[in-house]
Amino acid sequence: YAFANCDMLYFIEFGSKSRLTEIGDYAFYHCPFYDFAMPNSVISVGNKAFSMCSEMTSLILSEKLKTIGNEVFTGCNLLHIVLGEDITELGDYALGSTTSVYCKATTPPALGSYPFDTGYATLYVPTDAVDTYKKASGWDNYKEKIVGFGFNQTLTIDYTTTDGDTANIKHPFLISNTYSNGVGKATFYGGDIVPASAFSSC
């Protein structure tokens with residue numbers, strides 16, 4: 001309950017040398033920040049750590065994160081979550097109503113009860129591991145939602161804007177974004193799939 005219900009906590013920043021390894025139960029429960037960048041030293045997140053953070057729309061998880069507890073992101077309004085290669089376990093209702101879940105791990109993590117929104121979530125996994133995920137225990141309940149994604153491939157999209165300026169793109173898979181002579185070029189990871197909600201913040 002370290003910062004639970006701190007209704008004036010709009011921003012938090014960790015130093016580049018942070019040694020934080022665990023975010024405990026209810027640590028940021030019902031806090032009003034809009035975005036959160038987790039230090040890469042974190043390997044576990046406890047139950048309801050970010051539950052009811054309804055203003056949070058942007059999240060960067062630790063690349064070393066292994067376990068996510070129960071109901072960690074219920075009550076949040078996240079469009080996408082990116083799980084790193086080391087993730088091994090997702091708890092009950094872990095990711096709340098997140099609509100796009102990207103999982104880089106080639107081995108499917110263990111799942112609790114209903115870790116994803118069964119009605120709306122699309123689950124993006126490494127292209128070469130799609131069949132493995134569809135057959136894995138728990139994941140087989142979501143096999144119609146599982147899509148292959150090229151995490152190491154790139155896709156460039158040309159775009160124009162009404163004000164003739166660079167689009168304000170905020171997405172974890174954005175590599176570069178330039179605008180010249182009336183045409184913008186945004187490059188993402190993803191191969192032949194445009195990352196979900198890629199232009200949602202424009």
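# Pairs and contacts in a predicted model

Visitor: Is phenylalanine 50 buried or exposed?
Guide: This model is predicted. Phenylalanine 50 has a relative accessibility of 0%. The cut-off for buried is under 20%. So phenylalanine 50 counts as buried.

Visitor: How many aromatic pairs are there?
Guide: Two rings pair if their centres lie within 6.5 Å. By this rule the count of aromatic pairs comes to 20.

Visitor: Take the rings of tyrosine 26 and tyrosine 29. Is the pair stacked, edge-to-face or tilted?
Guide: The two ring centres are 5.5 Å apart, and the planes meet at 50°. Stacked needs under 30 degrees, and edge-to-face needs over 60. The angle fits neither class, so the pair of tyrosine 26 and tyrosine 29 is tilted.

Visitor: Is tyrosine 26 buried, exposed or partly exposed?
Guide: The relative accessible area of tyrosine 26 is 22%. Buried means under 20%, and exposed means over 50%. The value lies in between, so tyrosine 26 is partly exposed.

Visitor: And what is the relative accessibility of tyrosine 29?
Guide: Tyrosine 29 counts as partly exposed too. Its relative accessibility is 23%.

Visitor: Phenylalanine 36 and phenylalanine 50 form an aromatic pair. Of which kind?
Guide: The centres of phenylalanine 36 and phenylalanine 50 are 4.8 Å apart. Their planes stand at 70°. Over 60 degrees, a pair counts as edge-to-face. That makes this pair edge-to-face.

Visitor: How many residues apart in sequence are the parts tied together by phenylalanine 36 and phenylalanine 50?
Guide: Phenylalanine 36 lies in strand β2, residues 35-37. Phenylalanine 50 lies in the loop between β3 and β4. So the pair ties together parts whose separation in sequence, in residues, is 14.

Visitor: Is phenylalanine 36 buried or exposed?
Guide: Phenylalanine 36 has a relative accessibility of 2%. The limit for buried is under 20%. So phenylalanine 36 counts as buried.

Visitor: Which residues do ring pairs link into a cluster?
Guide: The cluster holds the pair just met, Phe36 and Phe50. In full, ring pairs link Phe14, Phe28, Phe33, Phe36, Phe50 and Phe73.

Visitor: On to charges. How many salt bridges are counted?
Guide: Side chains of opposite charge can pair when their charged atoms come close. Here the cut-off is 4 Å between nitrogen and oxygen. By this rule the number of salt bridges comes to 3.

Visitor: Which side chain meets that of glutamate 71 in a salt bridge?
Guide: The N to O distance in this salt bridge of glutamate 71 is 3.7 Å. A distance within 4 Å qualifies. The partner of glutamate 71 is lysine 48.

Visitor: How many residues apart are glutamate 71 and lysine 48?
Guide: Glutamate 71 sits in the loop between β5 and β6. Lysine 48 sits in the loop between β3 and β4. The pair links distant parts of the chain, and the separation in residues is 23.

Visitor: Which residue meets lysine 104 in a salt bridge?
Guide: The N to O distance in the salt bridge of lysine 104 is 3.4 Å. Lysine 104 is in the loop between β8 and β9, and its partner, 41 residues apart, is in the loop between β4 and β5. That partner is glutamate 63.

Visitor: How far apart are the closest N and O atoms of lysine 185 and aspartate 158?
Guide: Lysine 185 forms a salt bridge with aspartate 158. Lysine 185 lies in strand β13 and aspartate 158 in strand β11, so the pair ties together parts 27 residues apart in sequence. The closest N and O atoms lie at a distance of 2.9 Å.

Visitor: How many disulfides does a search of the whole structure find?
Guide: A disulfide needs two cysteine sulfur atoms within 2.5 Å. Cysteine 31 has its closest cysteine sulfur, in cysteine 6, at 5.2 Å, which is too far for a bond. The search finds a total of 0.

Visitor: Is cysteine 31 buried or exposed?
Guide: The relative accessible area of cysteine 31 is 2%. Cysteine 6, at 28%, is partly exposed. Under 20% means buried. So cysteine 31 is buried.

Visitor: How many residues of strand β10 are buried?
Guide: Strand β10 runs over residues 122-126. It has 5 residues and is mostly covered. The number buried is 4.

Visitor: Which residue in β11 stands opposite leucine 123?
Guide: Strands β10 and β11 run parallel, joined by 4 bridges. Opposite leucine 123 stands isoleucine 146.

Key
Residues are numbered from 1 along each chain as its sequence is written. This is a predicted model: local features need pLDDT of at least 70, side-chain atom pairs count only at pLDDT 80 or more; totals for chains, interfaces and linings use all residues. Side-chain values use heavy atoms; hydrogens and water are left out. Helices (H or I, at least four residues) and strands (E, at least two) are DSSP runs, numbered from the N terminus. Buried means under 20% relative accessible area, exposed over 50%, partly exposed in between (1.4 Å probe, protein chains only). Rings of Phe, Tyr and Trp (its six-membered ring) pair if their centres lie within 6.5 Å; planes under 30 degrees apart count as stacked, over 60 as edge-to-face and the rest as tilted. Two strands pair if DSSP finds at least two bridges between them.
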